[in-house]
Amino acid sequence: PMARLIIDEQTVSACRALAGGIARDVQATIDAHTSVGVERTVARAYGVTGADPDGTPVANALVDRIHQAGRTGLGVAAYLGSALAAGASGIQGAAERLAYGDELPDPSVGREAAQRALGPHTEAALRRIDAARDAREATKQQRLVGAAPLKYVIVATGNIHDDAVQAKAAGFAGADIVAVIRATAQSLLDYVPEGPTTEGFGGTYATQANFRIIRDALDQIAAETGRYVAQTNYSSGLCMSEIAWMAAVERLDMLLNDAMYGILFRDINMVRTFVDQYFSRRIIARSGIVINTGEDNYLTTADAVERAHTVLASQFINEAFALRAGLRPQQMGLGHAYEIDPWIEDSFVYELAQAQLIRQIFADHPIKWMPPTKFKTGDILHSHVHDAMFNLVGVMTGQSIELLGMFSEAIHTPLLMDRYLSLKSAKYIFGAAKSFGDEIEFKPDGKIARRAREVLEKAHHLLGEVAEQGIWSAIGHGVFADVKRTRTGGKGYAGVVLREPGYENPLLAALEAGVAT
């Protein structure tokens with residue numbers, strides 16, 4: 001029984017109701033549209049693999065051909081089913097015939113036969129998700145899973161084989177979760193590279209082959225140490241739902257997956273983001289993967305004291321979107337961050353209030369708590385102390401997932417020793433202060449309690465404004481992260497289309513219905 005703040009539960013309920021209405025409004029748009037990203041995901045799930053000699057994935061060539069013909073609104077499944085019914089030699093043969101053949105068929109002809117031909121492939125796609133989920137959970141049952149706060153670290157060399165070595169080193173040093181940072185700007189690529197990659201700027205490409213390499217490396221750690229080390233990557237950007245599929249079948253544990261991150265920080269079109277996000281989360285819900293949302297990024301562009309309530313408001317919205325996509329609270333790693341100016345008087349107190357407030361409101365959620373980065377300097381000794389204060393707040397307030405700060409954050413990509421020392425510091429603080437949060441109480445009208453009430457009230461007010469004007473306009477006005485976007489602007493809008501009468505997506509329908517395999 002950790003220390004608790006007295007917060008107005010009626011205000012919390014009102015926030016959830018407002019966020020639910022915001023998500024419901026967007027869902028009407030989601031349900032009326034599809035995208036080239038969604039359709040490529042369907043093709044991959046049905047078994048379309050490989051790339052042509054130029055490196056273009058067959059899934060891209062297939063959907064691009066349909067899209068250029070102006071027929072994406074019927075769904076790639078309709079075409080694959082039609083080709084199968086016409087005698088194509090399996091899904092891959094159907095995809096290649098459609099991508100590189102002379103003429104696209106009319107999928108309305110022989111529609112019932114096409115649906116029957118596609119049925120077994122829908123079932124096979126669901127079985128792949130379920131089998132990977134069950135294998136992951138079975139492995140976890142056989143290993144020691146770390147206690148919260150889980151110690152989360154990153155690797156990012158650009159070469160997936162070097163990343164695998166660093167991931168294993170992190171596991172031996174005590175990490176509970178290893179994330180491979182994605183190559184800079186991969187979120188803006190409208191395709192997923194094929195196969196393992198050995199070059200990347202600022203990170204390593206997220207590909208299905210790369211996922212498999214890291215999973216194998218972490219499985220080796222589990223076998224050698226008896227400890228389970230979780231794997232994380234990024235399901236965001238223009239290939240959000242494709243990467244969710246790849247992660248689901250390669251047994252990843254967590255995915256960075258946010259409802260608004262791509263809109264705000266990568267200028268990806270709003271409609272494209274919301275449509276792709278929904279399908280990605282339907283896959284994630286089935287797979288049992290835990291999402292990590294990106295509210296921490298808000299405080300890199302906005303002030304952590306003045307705009308703390310926007311983080312809380314976004315968490316309510318992310319939760320509402322996730323519930324609509326079938327995720328359980330236990331799969332919602334809502335994000336926040338220790339990005340306050342350390343030289344502000346009582347900065348620690350403000351962060352403690354925010355962390356405790358979020359922990360209580362989202363009691364069943366595996367909260368993801370991000371380290372200081374905005375105010376890091378080249379003074380590595382002070383940086384290490386800064387991270388220690390972050391770790392102390394994390395263990396005091398019972399955060400679930402803690403991405404450890406690196407004292408060399410402002411200098412270079414962390415070295416193995418940097419990561420080791422951060423893990424050592426976190427292990428010390430998490431152990432030394434393990435019961436601290438259970439042994440204290442918050443003054444009912446103290447600074448921490450007042451700050452928490454202020455943040456909640458402002459979040460409630462902001463959600464009311466967003467609900468009144470709609471999230472489309474709210475984002476346009478720069479409500480979140482002080483970044484403004486428009487409904488028809490941004491990257492990827494040309495890849496969004498209205499669903500036509502007769503639109504086919506049996507996989508999405510099965511995921512929404514919770515069809516068993």
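The paragraphs below lead through a predicted model, beginning with its paired strands and moving on to a buried helix and two pockets.

A convenient place to enter the structure is strand S3, residues 177–180, which pairs with strand S2 in the parallel sense over 4 bridges and with strand S4, again in the parallel sense, over 3 bridges. On the S2 side, Ala 179 of S3 is the bridge partner of Ile 154, while on the S4 side Ile 177 stands opposite Ala 230. The chain crosses from S3 through helix H8 to S4 in a right-handed β-α-β crossover, and S2, helix H7 (residues 160–172) and S3 likewise make a right-handed β-α-β unit. In a regular strand the side chains alternate between the two faces of the sheet. In S3, Ile 177 and Ala 179 point one way and Val 178 and Val 180 the other way, and all of these residues are buried.

Helix H9 covers residues 240–249, and because 10 of its 10 residues are buried, the helix is largely enclosed by the rest of the structure. Its buried residues include Glu 242 as well as Met 240, Ser 241 and Trp 245. The elements that cover them include helices H2 (36–46), H6, H8 (208–225) and H11 (270–287), together with strands S4 (230–234) and S5 (254–256). Following H9 comes Arg 251, whose phi is positive, near 65 degrees.

Helix H11, one of the elements covering H9, contains Asp 276. Is this aspartate buried or exposed? Asp 276 has a relative accessibility of 1%, and therefore counts as buried, the cut-off being under 20%. Apart from neighbours within four places in sequence, Asp 276 is in contact with Met 240 and Ser 241, and also with Ser 35, Gly 37, Val 38 and Leu 238.

The largest pocket has a volume of about 1100 Å³, and of the 42 residues that line it, the closest to its centre are Ile 154, Ile 181, Tyr 234, Asn 297 and Met 370. Strand S2 (150–155), helix H10 (261–266) and strand S9 (368–370) each supply at least two residues of this lining, which by class has 17 nonpolar, 17 polar and 8 charged residues.

The second largest pocket has a volume of about 410 Å³, and of the 21 residues that line it, Lys 140, Leu 150, Asp 253, Met 254 and Val 290 are the closest to its centre. Helix H6 (residues 111–142) gives the largest share of this lining, 3 residues, and by class the lining has 10 nonpolar, 5 polar and 6 charged residues.

Methods
Residues are numbered from 1 along each chain as its sequence is written. This is a predicted model: local features need pLDDT of at least 70, side-chain atom pairs count only at pLDDT 80 or more; totals for chains, interfaces and linings use all residues. Side-chain values use heavy atoms; hydrogens and water are left out. On a 1 Å grid over the protein atoms alone, a cavity is a set of points where a 1.4 Å probe fits but cannot get out, and a pocket is an open set with protein on both sides within 12 Å along at least five of seven lines; lining residues have an atom within 4 Å of a point. Grid points are joined across faces, edges and corners, and a volume is the space filled by probe spheres set on the points. Ala, Val, Leu, Ile, Met, Phe, Trp, Tyr, Cys and Pro count as nonpolar, Asp, Glu, Lys and Arg as charged, and the others, Gly among them, as polar. Buried means under 20% relative accessible area, exposed over 50%, partly exposed in between (1.4 Å probe, protein chains only). Contact means heavy atoms within 4.5 Å. Two strands pair if DSSP finds at least two bridges between them. A crossover is right-handed if, with the strands pointing away from the viewer, the path from the first strand over the helix to the second runs clockwise.
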